[in-house]
Amino acid sequence: MIERRWPLAEITGYLEMIADLEGSSRAFATFTLEHGQEWQSQPFPHEYPSGIPRRCFGNSQDILFSDAWQSDGLVYVEGYACSGSLGFPFPTHHAWLVDAEGRVIDPTWEDPETSTYFGVPFRTEYVARTIREAGVSCSMLDHFHDRWKLLRTPSLAPEAVLPVGLGVAPGVKG
């Protein structure tokens, strides 16, 4: 198998294009660019359970809140990623976890070591509260259950997002 990692610019360029269309509203691309960073891809560590395809938010949240891995200090991250297993770069809204060194733990995609990740690290307490209020695993960025309150209210970001470098090591800088 050929290992391929798409350049970070494939994701950030896509987000910048969307942010230009968002205008002055506080929307997902702007929020992701302001609070996100690149994360270090790696092979999936098999001490964690593999998830169900196309269920990235729930797969990552299940591991985050599992008693078996709570002491691992994992952080839930949501943003955009390009899968290295595709023959072309396609930024996809995606969720994964990172460990204390900023390495990706992606229970959903095959061959995560060939993928490129750019996303926002969320505080565990915020993720737990959001899921509890929604009554279901859900996206933090595209959270329609509360009419995108986080994206519409910039002052909420500090209670939701871990600042880059605080609580998790920064990933690879592109």
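Which strands does helix α1 lie across, and at about what angle to β2 does it run? Start with the whole chain, then come back to this helix. The model is predicted.

The chain has 6 helices and 5 strands. Along the sequence they follow the pattern α-α-β-α-β-β-β-β-α-α-α. There are 174 residues in the chain, and 49% of them are buried. The exposed area is about 8,600 Å², with 55% supplied by carbon and sulfur atoms. Now take the contacts with a separation of 6 or more. Residues 24 or more positions apart account for 68% of these.

Next, the sheet. Its 5 strands form an open sheet with antiparallel pairing. The order is β1-β5-β2-β3-β4. In general, strands of a sheet pair through backbone hydrogen bonds, either parallel or antiparallel. At the edges are β1, residues 37-39, and β4, residues 104-105. Each of these edge strands pairs on one side only.

Look inside the sheet at β2 and β5. Strand β2 covers residues 75-82, and strand β5 covers residues 116-122. The two run antiparallel and are joined by 7 bridges. To find the register, pick Val77: it stands opposite Pro121 in β5.

Now return to the opening question. Helix α1 spans residues 9-22 and lies across β2 and β5. The helix runs at about 90° to β2. So the strand pair joined by 7 bridges is also the pair that α1 lies across.

How values were computed: Residues are numbered from 1 along each chain as its sequence is written. This is a predicted model: local features need pLDDT of at least 70, side-chain atom pairs count only at pLDDT 80 or more; totals for chains, interfaces and linings use all residues. Side-chain values use heavy atoms; hydrogens and water are left out. Helices (H or I, at least four residues) and strands (E, at least two) are DSSP runs, numbered from the N terminus. Buried means under 20% relative accessible area, exposed over 50%, partly exposed in between (1.4 Å probe, protein chains only). Contact means heavy atoms within 4.5 Å. Accessible areas come from the Shrake-Rupley method with a 1.4 Å probe; for residues, only the protein chains shown count as cover. Two strands pair if DSSP finds at least two bridges between them. Axes are lines fitted to C-alpha atoms, for helices over the stretch in contact, and angles run from 0 to 180 degrees between N-to-C directions.
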